[in-house]
Amino acid sequence: MQEQMIDKFVEMYGGEASTVQTFFAPGRVNLIGEHIDYNGGYVFPCALDFGTYAVVRKREDNKIRFATLNFNLKVELDVQDIIYIEEHNWTNYPKGVIKEFIYKGHKVGGFDILYYGNIPNGSGLSSSASLEVLTAVVINELYDCKEDMVEMVKMSQKAENEFIGVNCGIMDQFAVGMGKLNNAILLDCGTLEYKYASLQLNGYKIVIGNTKKRRGLADSKYNERRAECEYALQCLQKELDINNLCDIDTETFEKNKYLIDKEIERNRAQHAVNENVRVKKAVESLNAGDIITFGKLMDASHKSLRDLYEVTGVELDTMVEEAWKIDGTIGARMTGAGFGGCIVSIVNEQYVDTFIQEVGKNYEARTGLKPEFYVANVGNGAGRLD
Ligand code: GLA
């Protein structure tokens, strides 16, 4: 991939191939801990081995030229003139990140850059976080900014929140930046403390199923769910000294849930509290070599996202139901924001082909959509390639 991209870069921008630098940032899949990163909970994502590549060369002036092999749109602008422009489409993500470096007082100059991504677009595997963190790593290296990865993760999330206007939590950018080969990350989103956990799943594979129902995060109900959680938290704070919904355990929630006077908001909070408990149990089980319990907790997570949090929808539910029917399925659930995108399953490796065939056939028959499947390889976080 790198070679091809470098050839294209030289064709597009001229100059010597020897003067370019190459970088990569992965996509991510979350194994368990959904919709609780913004509630101060635990999440358990891992980086994938597909993602976004960049070939870049510094310029002597202040001009930035953006291009990608994925779309025709090219954008050229001056470092001083970075503002959100709708027609600038995908380049708004890197623009937002560059702005964050400038806000922090870094002197960013011009560069030519060519991107290429192989994360299926709109699939909920974090193509935007990948593009953001990739750009952060590029700027950091080109202009010797000396930001560490966790800081760049935060800057990327801020760019998405403020420049793009999507109120996402920190999970995606964290997984993309901090991923580790064959490991998942147990991240406490309240404190940003994290631990790696080995994903050497002897005899099992992580299989991702793409429903092909696109999910637009910005126009989905994501911000509405955040507001509902915020309301539930305020109700609980009348009696409890807490900062986040995930600060309490199930027992405390049960005793105090009467404080939340609206049923929907109470359900949202119930999901957050239970999901957080599930993540902790799931990681303990995994570390103890008990993949069966891990899978059962994934199933429970899906049911809670379906019934209490209401972020699944017919496509995700259908695919998960079909996955549950396969003998070799240990666990299956929606992953990411929901309303479309992907499911993630743990499947006995002897059943992976059957899984893909059967779930694919039955899902298509029930929804009319042709799904895609990826057997996930867990990769490293963002960095330089050469
Ligand atoms: C999206 C957001 C994340 C997280 C998930 C749901 O991927 O970007 O911050 O909230 O949804 O778990």
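This briefing introduces the ligand surroundings and the cysteines of the structure above. Welcome: this is a predicted model, in which local features need pLDDT of at least 70, side-chain atom pairs count only at pLDDT 80 or more, and totals for chains, interfaces and linings use all residues. Residues are numbered from 1 along each chain as its sequence is written, and side-chain values use heavy atoms, with hydrogens and water left out.

**Around the ligand**

- The residues near the ligand (a heavy atom within 4 Å of it) are R28, E34, H35, D37, Y38, C168, G169, M171, D172, Y222, G336 and A337.
- This shell divides into five nonpolar residues, three polar and four charged; Ala, Val, Leu, Ile, Met, Phe, Trp, Tyr, Cys and Pro count as nonpolar, Asp, Glu, Lys and Arg as charged, and the others, Gly among them, as polar.

**Polar contacts with the ligand**

- A polar contact here is a pair of N or O atoms within 3.5 Å.
- D172 has a polar side-chain atom 2.6 Å from an oxygen atom of the ligand.
- R28 also brings a polar side-chain atom to 3.1 Å from a ligand oxygen.
- From G169, a backbone N or O atom lies 2.9 Å from an oxygen atom of the ligand.
- The protein buries 97% of the 310 Å² that the ligand exposes when taken alone (Shrake-Rupley method, 1.4 Å probe).

**Cysteines**

- The whole structure has zero disulfides, a disulfide being a pair of cysteine sulfur atoms within 2.5 Å.
- C168, one of the residues around the ligand, has its closest cysteine sulfur in C189, 11 Å away and so too far for a bond.
- C168 is buried at 5% relative accessibility (buried means under 20% relative accessible area, with a 1.4 Å probe and protein chains only).
- C145 is buried too, with a relative accessible area of 9%.

Conventions. A polar contact is a pair of N or O atoms within 3.5 Å; within protein, one must be able to donate a hydrogen and the other to accept it, and residues adjacent in sequence count only if both atoms are side-chain atoms. Buried means under 20% relative accessible area, exposed over 50%, partly exposed in between (1.4 Å probe, protein chains only).
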